[in-house]
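Here is my note on the model, point by point. Please keep the structure open while reading.

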Amino acid sequence: MLTRTANGDSHLSRWLRVREFAVPPSMIDAATARRSAGDWAGACAAAGIDVDLGLRSVARTHGRELAARVRADLRRLAPDLLRWHLPRIAPDGLLRPGLTITLARYDDAGPDGECPVHLVVRTPPAWADAGQRISLALWDGSHFGAGACRHPHPRPDRRFRLDLHRHLWDARRAGELRIRSGADRLLADGPAAPGPDLPDPYPDLLGPGPQDRRCAVDRWAAEAGLLLRAEGRPAGAVTVRLGARQRLVLDVAADRDGAGPPALRIAAPSSADGGAAALPVLPDAATWVLPDLELIRAGLIEVGRLHPLVASALAPDHPRAGPLRTPDRPGHPRLVECRGSRHRIGLVDGVLSPLDHDPAEIRREELLAALTGTPLPCLQAIDLAHRRPDCLAGVRERLDHGDTAGALAVVEGLLGPDAVLRSGDLRDELEAAALRRITYGLFRAGLAGPDPGRIHPERRRSRDFRAHPRHALSR
């Protein structure tokens, strides 16, 4: 029980940091403004999405009808909402690397009608994930297309697909989130209704009781029915992936009178299921409880602090709160214990400086420090702020999630816009982030190979083990 509780707390704390840093309010506001003005390309740029398709080229290759359908979907695309819902992995909550995710599928639009055309988003491999940028493209199966030849997995992933969950990226259908996520039941007062029985040993994996389950078991029947209908099957079996080596088989039977949800039987895979790998895979978005619902039920986040479209879907009558994180106050003086007195340090002409010392005294202390002496505590505090400030963890998380502007705003608010960084952890983090952005640019240009260590050895940090599937954040 203690292990389960600790793992649950760790899981929720990671998602709380993701909601705080991964999609900053400035990105949401900028992307929403561009989308509201009809500028879908500008909205993608504001949300850190590189567009690898051209509508004129699509019209020449696939016809004007398909180009019009793609244009209509792009105008409905809320790229900040898409980034909010993309799959992430532990330990840092970064985007799951190396994925190709289908947003929309246009059947009978491929070459000779053999293969459907997919509107897809791609996440870069882990070694080139600087800035957490993603790309938007078309895939038709006949050729890889722009950007796909450089991607490790250019084909759409069967497990990670959003064409059956348009409410996770389509602004006009975002209101469906409450029903599709089961929020009516999960956010209701009183005990939750028990879900379908699970075979051993899966109850231990999913939680001690229905209220503690992180799997959306109560939604599996309806979601499996949607998947089978999309595959042209009225009933059948569906595979559910719960981890790297954990599978379930859902046997879905169509409702005879059509008035209720399909009947569902859950079983562990057996040796008789020789074709289990060929069965349709329940999308990851339908397998797990929405992280936002977990945070709300645990009392860790208010509805109003979620993405506006998510908040309005989960609680239409709830007033919107302020941004998730408290804005940093730039230039606010800080107090330092200095030789028995409390002195202030703050910004002077754009540089962090001691406010309660005479300039001549400061020059003497700086000379003493240059001669390996011990300077004033105020100067020590300023030096520490340049090398390893208290906000270093927040700066690092902003840089990891691609919020470079937010990270620089924190640094400038602390040290001033004209400060020259001294050697130390803060400068190392900013330099490493810049080098990683270069690596991403080389990847986009097709000039970087799969071994980034030969280009930027400092990129290999302790968190690089996150690329393994077992470190998925939703697990």
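1. Which residues are linked with Asp50 in a network of salt bridges? The network joins Asp50, Asp52, Arg133 and Arg444. A salt bridge here is a side-chain nitrogen of Lys or Arg within 4 Å of a carboxyl oxygen of Asp or Glu. The search of the whole structure gives 25 salt bridges.

2. A word on the basis. This is a predicted model, in which local features need pLDDT of at least 70 and side-chain atom pairs count only at pLDDT 80 or more, while totals for chains, interfaces and linings use all residues. Residues are numbered from 1 along each chain as its sequence is written, and side-chain values use heavy atoms, with hydrogens and water left out.

3. Take Asp52 and Arg444 from that network. Their side chains meet in a salt bridge at 2.8 Å, N to O. Asp52 sits in the loop between strand 1 (49-51) and helix 4 (55-62), and Arg444 in helix 18 (residues 425-444), so the pair ties together parts 392 residues apart in sequence. Helices (H or I, at least four residues) and strands (E, at least two) are DSSP runs, numbered from the N terminus. Asp52 counts as buried at 17% relative accessibility. Arg444 is partly exposed at 22%. The cut-offs are under 20% relative accessible area for buried, over 50% for exposed, and partly exposed in between (1.4 Å probe, protein chains only).

4. Arg19 and Asp292 make another salt bridge, with the closest N and O atoms 2.6 Å apart. Arg19 belongs to helix 1 (residues 2-21) and Asp292 to helix 12 (residues 291-297), so this pair ties together parts 273 residues apart in sequence. Both residues are buried.

5. Arg219 and Glu223 form a salt bridge within one helix, helix 10 (residues 217-230). The closest N and O atoms are 2.9 Å apart. The two residues are four apart, which puts about one helical turn between them. An α-helix has 3.6 residues a turn, so residues three or four places apart point the same way. Arg219 and Glu223 are buried.

6. Now helix 18 as a whole. Its 20 residues should span 28 Å at 1.5 Å a residue, and the end C-alpha atoms are 29 Å apart, which agrees. The expected span is 1.5 Å times one less than the number of residues. Its buried residues include Glu429, Arg436, Tyr440 and Phe443. Among the elements covering the buried residues are strand 1, helix 15, helix 16 and helix 17. Just after helix 18, Gly446 has a positive phi of about 75 degrees.

7. Helix 17 (residues 404-415) also fits its expected span: twelve residues should cover 16 Å, and the end C-alpha atoms are 16 Å apart. Val410, Val411, Leu414 and Leu415 are among its buried residues. Their cover includes strands 10, 11 and 12, along with helix 18. Gly416 follows helix 17, with a positive phi near 95 degrees.

8. Strands 10, 11 and 12 form an open antiparallel sheet in the order 10-11-12. Two strands pair if DSSP finds at least two bridges between them. Strand 10 and strand 12 are the edges, each pairing on one side only. Neighbouring strands are turned by 35 degrees against each other on average, direction ignored. Strands 10 and 11 pair over five bridges, and Cys338 has Ser341 of strand 11 as its bridge partner. Helix 15 packs on this sheet, touching strand 10, strand 11 and strand 12, and its direction makes about 130 degrees with that of strand 10. Contact means heavy atoms within 4.5 Å.

9. Strand 1 belongs to an open sheet of four strands, in the order 1-6-5-4, with mixed pairing. The edges are strand 1 and strand 4 (100-106). Strand 1 and strand 6 (residues 134-139) are parallel over three bridges. Ile49 has Ile134 of strand 6 as its bridge partner. Helix 5 lies across strand 4, strand 5 (117-122) and strand 6, at about 125 degrees to strand 4. Axes are lines fitted to C-alpha atoms, for helices over the stretch in contact, and angles run from 0 to 180 degrees between N-to-C directions.

10. Last, the axes of helix 4 and helix 5 (residues 64-76) come within 7 Å and cross at roughly 145 degrees. The contact is made by residues including Leu55, Val58 and His62 of helix 4, and Leu66, Val70 and Leu74 of helix 5.
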